[in-house]
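Please examine the structure shown below. The questions that follow ask how certain descriptions are justified.

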Amino acid sequence: MNPHSRPKIAIEDLLRVKRAERPPAEFWTRFEQELRAKQLAAIVERRPWWQGAAQLAGGLARLRLPLGLTAAVAVAVFSVSEYRRSTPAAPENVSAAVVATMTGTELASDSSSAHPAPATMASAAEVTEAAVTAPPLPVSNVRPGEISRVISMLGVEARQDEARRDATPSARLIAANLALVQMNDSGLPASLAANRGFETRGLPAAHVNDTEPLAEISSPRYRSSARYLTTALPAGYVFETAAARPVATVRHVNDRQLRDDNVSRVGVDNGGVFLKL
Amino acid sequence: MNASKALGKTLVASPERQQEADADWSVVQRVQAGDVAAFDQLIVKYRERLYGVIYNMTSNREDTADLVQDAFIKAFQSINRFAGQSAFFTWLYRIAVNSALTHLRKSRLRTFFSLEQVNEDERPAAEVISALTDDTAAADHGAFVKELQEKLNEAMMKLSIKHRTVITLFEIDGLSHDEIAEIMSCSVGTVRSRLHYAKQLLQAELQPYLRK
């Protein structure tokens, strides 16, 4: 046979042979019986819960765009509201507000003469905390005399025990500083302005307060730490040891005491040097 | 929504296809209305075509029978969700092809051929077989056809699942590129690319049987 007379056979022609692979007619009878049985079984059989969930998800898939947009808007609104709630009301000038409050209170207390009314004003610790967290007060906003008023207000309690504190060297030093500040009060804002980085704030009450230092800690975090410290320290321990203990005057200090670094405080008083061991 | 309108949107369908889609849609509506027996018409209409597709994907008649039955049951259970967005046969094919792909992925390492008889009376196949066996003695004719069938199946099984599916739907079932793309949820370009690659591989495998 002439090879040139042979018909071409391409891959598509070969695949037509595959098309001719068919099951016999009797196969379909059996196929139909099996299909009926499976249909009945599928009707009787309870469908698992996740198929229902999948159907529901399939139904919701049509609404995915509006649902997604709604969810995005809800999340955005919730985030913004939470952010606004968590952000503190930004005061224009907390320090100024503190100063104004305290000076006003002082004026009120001055007007009521002998009764300073400490219950009406914020506690010294709270004021201190607010002053620390507040932005710096522009020096130009501070009037001469206000700082000394603040200091004197913070020291309201301290004045009550003034006589007792005078007995200690540190108390005398603090009193001298207070007096100096009050004397130079008019020139203080200018000097503060010249000193970059220094923030014009009310001095914390701890400088003149007579109470236990740990008790003055205002932050809840530090308050709990102070409570633990208090329980950890031996009973009857007094922090202000310098004020509580009588100052003993000694003429000779043991070399060993100096060498072992037992000196806790060094000061100059009445033309002499005193050491606290 | 009218199925023919949907078909016209997505596919460049022939008038015969549109008529077929309309007829299917009316039957589907009857089934959705509660006429369960009407679904049998759809089974009888599509069972052989669906069987041919799945059989050429799996090369195993028992698996094929199970998969086609499962596809019809799934379609029956979900018939109320069919909204006529596409032609019914496309939807049914998608169910069946996805079931077959899942089955083939699960049993990738377990392949047993279980082949049907080649119906040599069918015209295109008969012409090809006669052209191939014109030099062969009549006694060896049956053996040659059997060998050709096995070689064809081996070559098909060497294709990846997706390439095999595309070549089956296009060359054996005669679907268009658009229809295959809709069934396989891919682009027409992907279908053409897979078809071209699959044909190249098959040509390399079946070179002894080709004549230029």
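Axes are lines fitted to C-alpha atoms, for helices over the stretch in contact, and angles run from 0 to 180 degrees between N-to-C directions. The model discussed here is predicted.

Q: Why is α4(B) called oblique to α5(B)?
A: Helix α4 (residues 61-77) of chain B and helix α5 (residues 88-106) of chain B pack at about 135 degrees, their axes being 9 Å apart. Angles over 145 degrees count as roughly antiparallel and 65 to 115 as roughly perpendicular, while the rest above 35 are oblique. The angle of about 135 degrees therefore makes α4(B) oblique to α5(B).

Q: Which residues of α4(B) and α5(B) meet?
A: Among them are Leu67(B), Val68(B) and Ala71(B) in α4(B), and Leu92(B), Ile95(B) and Ala96(B) in α5(B). By class, this contact has eight nonpolar, two polar and three charged residues.

Q: What makes a residue of α3(B) count as buried?
A: A residue is buried if 20 or more other C-beta atoms lie within 10 Å of its own. In α3(B), the buried residues include Leu42(B), Tyr46(B) and Leu50(B). Their cover includes α1 of chain A, as well as α4 and α5 of chain B.

Q: Where does helix α3 (residues 39-58) of chain B bend?
A: The helix bends by about 45 degrees at Tyr46(B). After α3(B) comes Ser59(B), with a positive phi near 60 degrees.

Q: How many residues does each chain bring to the contact?
A: Chain A brings 25 residues and chain B brings 38 residues. On the side of chain A that touches chain B, α1(A) gives the most, with nine residues.

Key. Residues are numbered from 1 along each chain as its sequence is written. Chains are lettered from A and ligands numbered from 1 in the order in which they are written. This is a predicted model: local features need pLDDT of at least 70, side-chain atom pairs count only at pLDDT 80 or more; totals for chains, interfaces and linings use all residues. Helices (H or I, at least four residues) and strands (E, at least two) are DSSP runs, numbered from the N terminus. Two residues are in contact if their C-beta atoms, placed from the backbone, lie within 7 Å. Ala, Val, Leu, Ile, Met, Phe, Trp, Tyr, Cys and Pro count as nonpolar, Asp, Glu, Lys and Arg as charged, and the others, Gly among them, as polar. The bend at a residue is the angle between axes fitted to the seven residues ending there and the seven starting there. A residue is buried if 20 or more other C-beta atoms lie within 10 Å of its own, exposed if 12 or fewer, and partly exposed in between; C-beta atoms are placed from the backbone.
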